[in-house]
Amino acid sequence: MNSQRFPPTLREPIRSLGASRIREVANSALGRPGVLPFWFGEPDAVTPAFIRDAAVAALQAGDTFYHHNLGILALREELAAYLAKRHPPVDVARLAITSAGVNALMIAAQALIGPGDRVVAVVPLWPNVTEIPRILGAALERVALEFDPTTGLWQLDLQRLLDALTPGTRAVIVNSPNNPTGWVMSRAAQETLLAHCRKLGIWVISDEAYERLVFDGSTQAPSLLDIADPQDLLMVANTFSKAWQMTGWRLGWLVAPAATVPDLGKLIEYNTSCAPGFIQQAALVALRDGEESVRAFVAELALRRDALVTALSAIEGVEVGPPPGAMYLFFRLRGERDSLGLAKRLVAKAGLGLAPGSAFGPEGEGFLRWCFARPAAQLVDGAGRLRRFLGAYRT
Ligand SMILES: Cc1ncc(COP(=O)(O)O)c(C=O)c1O
């Protein structure tokens, strides 16, 4: 009866959350056998056995209890050792283990962003990253990467980003390597951005989930950790999901100024309290013993990227190039405007499952995202389906 007088009304930012357009396309494939699924952002292979074995062993040993808010100390120490191999040393006091990369982003945002704050993000972008500030009531301003149809690659007009970072801006969110475009921020651009944010007291939230997935022969993308001071207004979010192929495990981490970490621990208490212990034990082994497997995965991804770019480049009207990072092609069919409609038609008529570019914001409209973390033969099969579809159904 009360519900008549008190309707179950959620906060406006929650009511206006967008439903996932990727799911909308994937759902349209339900009941259609044989659709090749390239829509979601995850590797096709199961997590390497040595990582799974470590989780099983931890469970069998009885690791079923609560742990420290910031993560078990042995994992934080292993993480500090891992980071020290690729960046200036990061003190354990700057680390928090989180329940997935997306949770690291949420914790950072809850800690920094409040109602009415102005937040700037470089887009197109995985929608979770742009919706989090909105959930917290912030006003989000988008600075768009630009697509060069001749190279098929994406670039940042750095000056546009700096111009958007006006005094009073609370935070800027940068995701490099970027989902969906594969764009990688250059060291020079990072230095200019950091100097600008230092001058104006703007926090940088750097989402480095795809840090290890780069294809220029190096083992990692430029990270803000390489150039920032420990006291800088910087939070770096990362995850075990991609490089260690652990998407379903839900484990990530945050690097933050040491002075903020005790409060972040309290915030984690009120979110998830801690990440599961047996998963942390497996992550410790992933960091300690996983380098060979990460490198093999990235080498395989590079081959897959090249196979797909070659196959798509041969199709008339496809504007595509080899992205420097992440695991997606974000490409365009010349003249195409409605990416959601196109993605659904591709499912229905071609058995090809791609994510619509508009899922990543209005800047992505007209584009399609293709996750290439799948076997090369499947990618080439998919490209063939696209070619036949265009031949059969495009004017
Ligand atoms: C840009 C970006 N950041 C962060 C994440 C977080 O991944 P997870 O929550 O699986 O750790 C993802 C996952 O797709 C992503 O694409």
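Buried residues account for 50% of the 395 residues in this protein. I should state at the outset that the model is a predicted one.

Let me turn to the overall dimensions. The C-alpha trace spans about 60 × 60 × 50 Å along the principal axes of the protein. For 395 residues, a compact globule would be expected to have a radius of gyration near 21 Å, and the value for this protein is 21 Å, so the two agree.

Next, the secondary structure and the contacts. The protein contains 14 helices and 15 strands. Of the contacts with a separation of 6 or more, 75% join residues that are 24 or more positions apart.

I shall now consider one pair of helices, α5 and α11. Two packed helices are described by the angle between their axes and the distance between the axes. Helix α5 covers residues 73-86, and helix α11 covers residues 277-289. Their axes come within 9 Å and cross at roughly 20 degrees. Because angles under 35 degrees count as roughly parallel, α5 is described as roughly parallel to α11. The crossing of these two helices, α5 and α11, is left-handed.

Which residues make the contact? From α5, they are Ala 74, Leu 75, Glu 78, Leu 79 and Tyr 82. From α11, they are Gln 280, Ala 283, Leu 284, Leu 287 and Arg 288. By character, the residues of the contact of α5 with α11 comprise seven nonpolar, one polar and two charged.

To summarise, 50% of the residues in this predicted model are buried, and α5 and α11 cross at roughly 20 degrees with left-handed geometry.

How values were computed. Residues numbered from 1 in each chain as written. Predicted model: local features only at pLDDT ≥ 70, side-chain atom pairs only at ≥ 80, totals over all residues. Helix = DSSP H or I, 4+ residues; strand = E, 2+ residues; numbered from the N terminus. Rg over C-alpha atoms; globule rule 2.2 N^0.38 Å. Buried ≥ 20, exposed ≤ 12 C-beta atoms within 10 Å, placed from the backbone. Contact = placed C-beta atoms within 7 Å. Axes fitted to C-alpha atoms, helices over the stretch in contact; angles between N-to-C directions. Parallel < 35°, antiparallel > 145°, perpendicular 65-115°, else oblique. Left-handed = near helix turned anticlockwise from the far one by under 90°. Nonpolar A, V, L, I, M, F, W, Y, C, P; charged D, E, K, R; others polar.
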